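Okay, thanks for coming, everyone. Let me pull the model up on the screen and then we'll walk through it together.

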Amino acid sequence: MAYARVTGIGMAVPAKAVSNAYFESIIETTDEWIVSRTGIQTRYHATDQEFTSDLCVKAVKDLVEKFPTSLEDVDMILVATVTPDQPMPSMACRIQFRLDIPNAGALDVYAACAGFAYGLVMAKGLIAGGTHKKIIVIGAETLSKVTDFTDRTSCMLFGDGAGAVLVEASETEQIGASITGASGEGGPDLYLSGFKDNIDGLPLKMTRHIVQNGRRVFKWAVTTVSAEFKNLLEKNNLSMEEIDWFVPHSANLRIIEAICNETGFPMEKVLESIVNFGNTSSASIPIALYNGVISGKVKRGDKILLLGFGGGLAYAGTIITW
Ligand code: UT7
């Protein structure tokens, strides 16, 4: 069986930073409330002319710049997103075309905030199966395009961004056992509304917005992620002390603190992206990991437990050795 390893990482966010002061100007809120209830200080929003595929392309270019590699022999592109430029073609096909990657299969993963972790699990599986050797996994979103800016309970949470990793066949196993699961009954607690006719019938108008029951998702996240954190350690035969970094999906700093409380894992060993980037859904884990790597915190050989959770409700996780 072939082994797999993460060999490079890149990221991208739009140029436009959006402060909490902006939300003070459009909804009834305060910077103090947003920081104390979510941890978020800033997030980035795409312009009207900027889309998820643009962020994917930038993240892969950043990966190639930081971890030089040829894209010629990439044989699969997996893009985790719930905010593709359009439902079809897939983002993966757009990236294959825009980056001129000649020999790659292309597939989008639709698992919301758990999408990047699902992509990683799938990439490992494809390499273990011997059918693929060099896979790009991207988590990318432009959530600002589906944010309801009149909803004071959610609009300040979301940000846009992309993170990309390269997963390659390797001599040693650097991506461990995984967990995947879903609590589909929680679907109504966090969803993206569907397509609707506009009131005049013509033309068809897209009214897609994120709708969230924050309190319910919060509780589900803390309970599920704490249990799956322990599950992942057991499946990998590792103790908590052997984990150098924990990278949960960055939905809310208080959720992360509650998971650390519940599991006993030290908060200082968490990599998060919520404070500076908001909740970027499938991009939040690779963005947090990227900043850990680029800042020099994460060293080669470190063991990193990744756990994504969110819309579905779905979750997935694994442990990688950097
Ligand atoms: O990424 C996918 C997964 N998503 C998540 O995991 C999100 C999980 N949920 C959350 O992060 C949190 O539930 C929120 C950040 C969405 C909300 O925080 P909360 O601490 O759960 O607030 P709450 O809904 O319990 O509301 C507390 C109070 C309410 O006032 P009262 O009823 O106590 O007087 C709200 O009306 O905060 C009020 N509130 C606000 N106040 C100022 C709600 N939104 C705001 C706001 N500014 N923007």
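**A walk through the model**

Let's start with a pair of helices: α3 passes α4 in a right-handed crossing. Before I go on, keep in mind that this is a predicted model.

So, α3 covers residues 52-66 and α4 covers residues 91-98, and their axes come within 10 Å and cross at roughly 50°. Oblique starts at 35 degrees and stops short of 65, and α3 and α4 are therefore oblique to each other. Who meets whom there? On the α3 side you have Thr52, Ser53, Asp54, Cys56 and Val57, and on the α4 side Met91, Arg94, Ile95 and Arg98.

Stay with Met91 for a moment, which sits in helix α4. Is Met91 buried or exposed? Its relative accessible area is 0%, so Met91 is buried. If you skip the neighbours within four places in sequence, Met91 is in contact with Thr52 and Ser53, and also with Val79, Thr81, Pro84, Asp85, Gln86 and Asp108. For a sense of scale, go from Met91 to Val270: that is 179 residues along the chain, and 30 Å between the C-alpha atoms.

Just ahead of that helix, have a look at Pro89, in the loop between β4 (76-80) and α4. The peptide bond from Met88 to Pro89 is cis, with omega near 0°. There's another cis bond to show you, from Gly312 to Leu313, and there omega is near -15°. Leu313 belongs to the loop between β12 and β13.

Okay, zooming out to the whole chain. The domain assignment gives us domain 1, residues 3-172, and domain 2, residues 176-321. Taken over C-alpha atoms, the two domain centres are 14 Å apart. How many residues of domain 1 are in contact with domain 2? It's 51 residues of domain 1, and they are in contact with 44 residues of domain 2.

Now for the inside. In soluble globular proteins, nonpolar side chains tend to be buried together. Here, the largest nonpolar core has 41 residues, and the ones with the most contacts inside it are Phe246, Leu305, Leu307 and Phe309. The elements giving two or more residues to this core are α6 (214-235), α7 (253-263), α8 (274-277), β12 (303-310) and β13 (314-321). Of these, α6 gives the most, with 8 residues. And why do we say this core lies between the domains? Because domain 1 and domain 2 both give residues to it.

Take Leu305 as an example. Not counting residues up to four places away in sequence, Leu305 touches Phe229, Leu232, Leu233, Ile243, Trp245, Phe246, Val247, Thr318 and Ile319. Apart from that core lies another one, of 40 residues, with Ile9, Val247, Val298 and Ile304 among them.

You just heard Trp245 in that list of Leu305 contacts. Trp245 is part of strand β11, residues 245-248. Its relative accessibility is 11%, so Trp245 counts as buried. Setting aside neighbours within four places in sequence, the contacts of Trp245 include Phe265, Glu268, Lys269, Val270 and Leu271, then Lys297 and Val298, and then Asp302, Lys303, Ile304 and Leu305. From Trp245 to Pro266 you go 21 residues along the chain, and the C-alpha atoms are separated by 9.4 Å.

Back to helices, since α6 and α7 both came up for the core. Their axes come within 9 Å and cross at roughly 45°. α6 and α7 are therefore oblique to each other, and their crossing is right-handed. From α6, the contact uses Phe218, Ala221, Val222, Val225, Ser226, Phe229 and Lys230, and from α7 it uses Arg254, Ile255, Ala258, Ile259, Glu262 and Thr263.

Last stop, a couple of backbone oddities. Asn237 has phi near 55°, which is a positive value in a residue other than glycine. You'll find Asn237 in the loop between α6 and β11, and at 71% relative accessibility it counts as exposed. Ser281 also has a positive phi, of about 50°, although it is not a glycine. Ser281 lies in the loop between α8 and α9 (284-294). Buried or exposed, then, for Ser281? At 4% relative accessibility, Ser281 counts as buried.

That's what I had, so over to you.

Conventions. Residues are numbered from 1 along each chain as its sequence is written. This is a predicted model: local features need pLDDT of at least 70, side-chain atom pairs count only at pLDDT 80 or more; totals for chains, interfaces and linings use all residues. Side-chain values use heavy atoms; hydrogens and water are left out. A nonpolar core is a set of buried Ala, Val, Leu, Ile, Met, Phe, Trp, Tyr and Cys residues joined through side-chain atoms within 4.5 Å. Buried means under 20% relative accessible area, exposed over 50%, partly exposed in between (1.4 Å probe, protein chains only). Helices (H or I, at least four residues) and strands (E, at least two) are DSSP runs, numbered from the N terminus. Domain bounds come from an automatic or database domain assignment. Contact means heavy atoms within 4.5 Å. Axes are lines fitted to C-alpha atoms, for helices over the stretch in contact, and angles run from 0 to 180 degrees between N-to-C directions. Angles under 35 degrees count as roughly parallel, over 145 as roughly antiparallel, 65 to 115 as roughly perpendicular and the rest as oblique. A crossing is left-handed if the near helix is turned anticlockwise from the far one by less than a right angle, and right-handed if clockwise.
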